[in-house]
Amino acid sequence: QVQLAESGGGLVQPGGSLRLSCAASGSIFKINAMGWYRQAPGKGRELVATITSSGSTNYADSVKGRFTISRDNAKNTVNLQMNSLKPEDTAVYYCNLEGLNYYSDLPFRSWGQGTQVTVSS
């Protein structure tokens, strides 16, 4: 089983920055992609950014140019640098991992517990 440990959430003023980190641990696995999703109260979970093991990235239009996703495959970690934060970025951010069991090659998906990001003056 794979567990995802998230950190870096908090309260920041508009225009400020936060850096989220997510580390995967547990069973031996291969990472296909890792990413971040977010969910505000009363709204569905939406994709923020994803990155494949080869480095290909995808961003939501609302964060493109402000957020940067990166990964360290050797450490099974993914980071999200969030700059120029806006109040509408306020949400619970969830780390996500898509992977393959190292031995069976069976796919799986894991989710973190979520970390709160609040952008307010």
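Three aromatic pairs turn up in this model, which is a predicted one, and they make a friendly place to begin our walk. Take Phe29 and Phe108, whose rings meet edge-to-face, 5.8 Å centre to centre and with 85° between the planes. Phe29 belongs to strand S4 (residues 29-39) and Phe108 to strand S10 (residues 107-111), so this pair ties together parts that lie 79 residues apart in sequence. The two partners also differ in how they meet the surroundings: Phe29 counts as buried because its relative accessibility is 10%, under the 20% limit, whereas Phe108, at 23%, counts as partly exposed.

A second edge-to-face pair is made by Tyr102 and Tyr103, with 5.3 Å centre to centre and 85° between the planes. Tyr102 is partly exposed at 44% relative accessibility, while Tyr103 is exposed, with a relative accessible area of 67%. Tyr102 has another partner to look for: Lys30 lies over the face of its ring, 5.4 Å from the ring centre. While you are looking at charges over rings, turn to Tyr94 as well, where the charged end of Arg45 sits over the ring at 3.7 Å from its centre.

Now let us move to the disulfide. The structure holds one, formed by Cys22 and Cys95, with their sulfur atoms 2.1 Å apart. The torsion about the S-S bond is about -85°, so this disulfide is left-handed. Cys22 sits in strand S3 (residues 18-26) and Cys95 in strand S9, so the bond ties together parts that are 73 residues apart in sequence. Both ends are hidden from solvent-sized probes: Cys22 is buried with a relative accessible area of 1%, and Cys95 is buried with a value of 0%.

Strand S9, which covers residues 91-101, also contains Ala91. Like the cysteines, Ala91 is buried, with a relative accessible area of 4%. What does Ala91 touch, leaving aside residues up to four places away in sequence? Its contacts are Arg38, Gln39, Ala40, Thr115, Gln116 and Val117. One of these, Ala40, is 51 residues away along the chain, yet the C-alpha atoms of Ala91 and Ala40 are separated by 4.5 Å.

Next, have a look at strands S7 (residues 67-72) and S8 (residues 77-82), which run antiparallel and are joined by six bridges. To find one of the residue partners, start at Thr68 and cross to Gln81 in S8. The two strands form a hairpin with four residues between them, and in the turn Asn76 has a positive phi of about 55°.

Asn76 leads us to two further backbone spots with positive phi. Ser84 has a phi near 50°, a positive value in a residue other than glycine, and it lies in the loop between S8 and S9. At 40% relative accessibility, Ser84 counts as partly exposed. Asp105 is not a glycine either, and its phi is positive at about 65°. This residue is found in the loop between S9 and S10, where Asp105 counts as partly exposed at 43% relative accessibility.

Note on methods
Residues numbered from 1 in each chain as written. Predicted model: local features only at pLDDT ≥ 70, side-chain atom pairs only at ≥ 80, totals over all residues. Heavy atoms only, no water. Buried < 20%, exposed > 50% of the residue type's maximum accessible area, 1.4 Å probe, protein only. Contact = heavy atoms within 4.5 Å. Pairing = 2+ DSSP bridges. Phe/Tyr/Trp six-rings, centres within 6.5 Å; stacked < 30°, edge-to-face > 60°. Lys NZ or Arg CZ within 6 Å of the ring centre and 35° of its normal. Disulfide = S-S within 2.5 Å.
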